[in-house]
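Reader: I would like a close look at one part of this protein, taken slowly, with the pairing of the strands followed first and the packing of the side chains after that.

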Amino acid sequence: MLKSHGLVWHPHLIGALIAVCWLWAPNALAQGLTERVGPCPQRWIYHPPPTSAVVVPLFVSDSAGDFYWWEQAGTPELVAVRDGKTRWRRPLSKTRWPGLLSEALMSDDLLVVVFGSMIEGRRTSDGGIVWSRDLRADLSLELRRAGLAKGADLESGLVARVGRALVTAIATSATDAWLTATASNGRRLWKTHIGGPVARMAADGDRLYLLPSTWSGSAPPIIAVDSNGKEIREPRVPFRDSMAVTGGEIVFDDGRVVTAVIAPMALNCPPNSPSCHPPPFMLTITGFSAGQERWRLTSPPRGVLVQILLLSDRSVLLVDDKRVGRISPDGKLSPLCDLPVERYRSIAGLVHGDLVVAYFDSVAAYTLPGAPQLARAGWVMSGGGPAQDWAARASPSAARFVPFPAGVADPNANIAYIQTDGGATMALTLADGTVKWRTQSPARPVGIWNGRVIVLEPRDTLASALQVAQLDPATGAEVVTSQPIPLIPLPDGGRLTLAPWGEPLMTDVRIEGDRAHLGWEIVINGGSGGAEIKPHGASGFADVDLTSGAVSLSPTQPLEGGKPIRPSFSLGTAALGGRKFTLIYTATATLTATDARSGRRLWSRRLWSIAVPRRVQVPPP
């Protein structure tokens, strides 16, 4: 919940949303004016040295509560502060102004700073440089082809953290730009050409969504690339990511989306009416879940800055020029305390219940009633970039698994969970190809979580619904299932089979932390037996909480016309434990294991065949 300058998102980022007025709804505003609240106690204040002219965002903080920002002095300096006291300060650049600057914590001990054409990895302990890269060298060939001089200035643009890599967008013309990904050790991972500058980037898990600065109408309005920089054709963009990359100010996590919009009030006036005046501006804050609007607050502008932070109890913290309040999950606004300063620049973050406020010439921390805590994971978009960031951490419940032909594999257990006849899932020993167990009904393996095998299953009592099930890895027994995920009805009342061939249902599942993100698409290209059915379909998204089984749904989107049906399983090869596994599929799908070094065949197993009658497609285990 992922970051940078401009309008940029980060996967594990919680921060502040900048708007331009206070969001008290009329009834909440009246309550805020009549209910007196005390001042927010100041816990510490930081004043830069006299040589510093201004304290400049962006701000990032680590798990210990250290904040990192840069200050404009004779030359720009990177500064680390804890509890209002300077831990260290280091010069950033020999120039008087570094241009656009971005910071991101790649781990608790590594801060990555991007400015100009430079990317630097610095120790959080003392600010020392661990590694540095010059993007001009990385893109020297591309820059020559673009007709730029060898020593031409190169300014990095938007920056986003995608997994463990930092992706930087660099444009050289209206039709040429590049994305470069840098690992936490400073190694360049990949670079990808894109067709021009980027206005916004939204990083979500292992995908990066980009909004081009210009759009001709012939290309997709949103570009998506995976964690290897490969463009994803016809991406199914989740509701929250679509709003993030195309909308205005927004914050969201796995289950919530909150937006803020300032616009003139809608008025119906006759043309050229002398009694009509320009409509006043109103600020509206809206809360969504499962893609549906759940609550809305509207009020006239009162302040010059408003920021919003997502909290661990699923509420939202709001801050105006002086007043601090909390919006409950159902949209009720309650005041907390008043800041002692009339105007502020921005909220630097929330650490251990203290609200950290950045002014032009100082930074102060104020203790809030109830010591609210930031949500464990979330995302934020603001006009000047993120206000707070911390190191990405793997969920303790997340189990390591890798893609495998027709399923997934656990490299530690030396077991693959793959689909076989009838769409069933079986556990296959990678050493010799023996079958440990097989499900008795259709199941599509999609990952491993908390030691359990995660599969998609048809819902028993509903013909057009799925569920996410967790299986015991030793026996294949079903441990727990999620709430149903409704789809669209199939022709003639058909039921989902989840067969690995010819199934109109296509799925895409990503497991991140304690949640499974499911994208689905059903394509009906016509009727069977000569029936005339107009090609149609639908797509949708669901977020599944693996700890509780709760499901959040996004609106179903209709699809017009026919399209090819793609397989929902991985084709090709996988290499594990010195072996290479290859799936060959014509009418019959066969998995073959060979020695990775010599190519010697070790074993082979038939997985399914479309020539086998359905009544014998699920043999006993």
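**The open sheet and what lies beyond**

Author: In this predicted model, four strands make up an open sheet, arranged in the order β2-β28-β27-β26 and paired in antiparallel fashion. At its edges are β2, covering 42–46, and β26, covering 346–351, each of which pairs on one side only, and from one strand to the next the twist averages 20°. The pairing of β26 can be followed in detail, since 5 bridges join β26 to β27 (residues 354–358), the two running antiparallel, and within this pairing S346 has A358 in β27 as its bridge partner.

Another antiparallel pair is formed by β13 (residues 177–183) and β14 (residues 188–194), which 6 bridges hold together; here W178 is matched with H193 of β14. These two strands form a hairpin with 4 residues between them, and in the turn G186 has a positive phi of about 90°.

Turning to the side chains, the largest nonpolar core has 25 residues, of which L456, L466, I485, L505 and I522 touch the most other members. Two or more residues each come from β35 (444–449), β36 (452–458), β37 (465–471), β40 (505–512), β41 (515–524) and β42 (536–545), with β41 giving the most, namely 5 residues. For I522, once its neighbours within four places in sequence are left aside, the contacts are L487, I488, L490, P504, L505, H536, G537, A538 and L559. A second core, separate from this one, has 20 residues, among them A416, M426, L430 and W608.

Terms used
Residues numbered from 1 in each chain as written. Predicted model: local features only at pLDDT ≥ 70, side-chain atom pairs only at ≥ 80, totals over all residues. Heavy atoms only, no water. Pairing = 2+ DSSP bridges. Axes fitted to C-alpha atoms, helices over the stretch in contact; angles between N-to-C directions. Core = buried A, V, L, I, M, F, W, Y, C linked by side-chain atoms within 4.5 Å. Buried < 20%, exposed > 50% of the residue type's maximum accessible area, 1.4 Å probe, protein only. Contact = heavy atoms within 4.5 Å.
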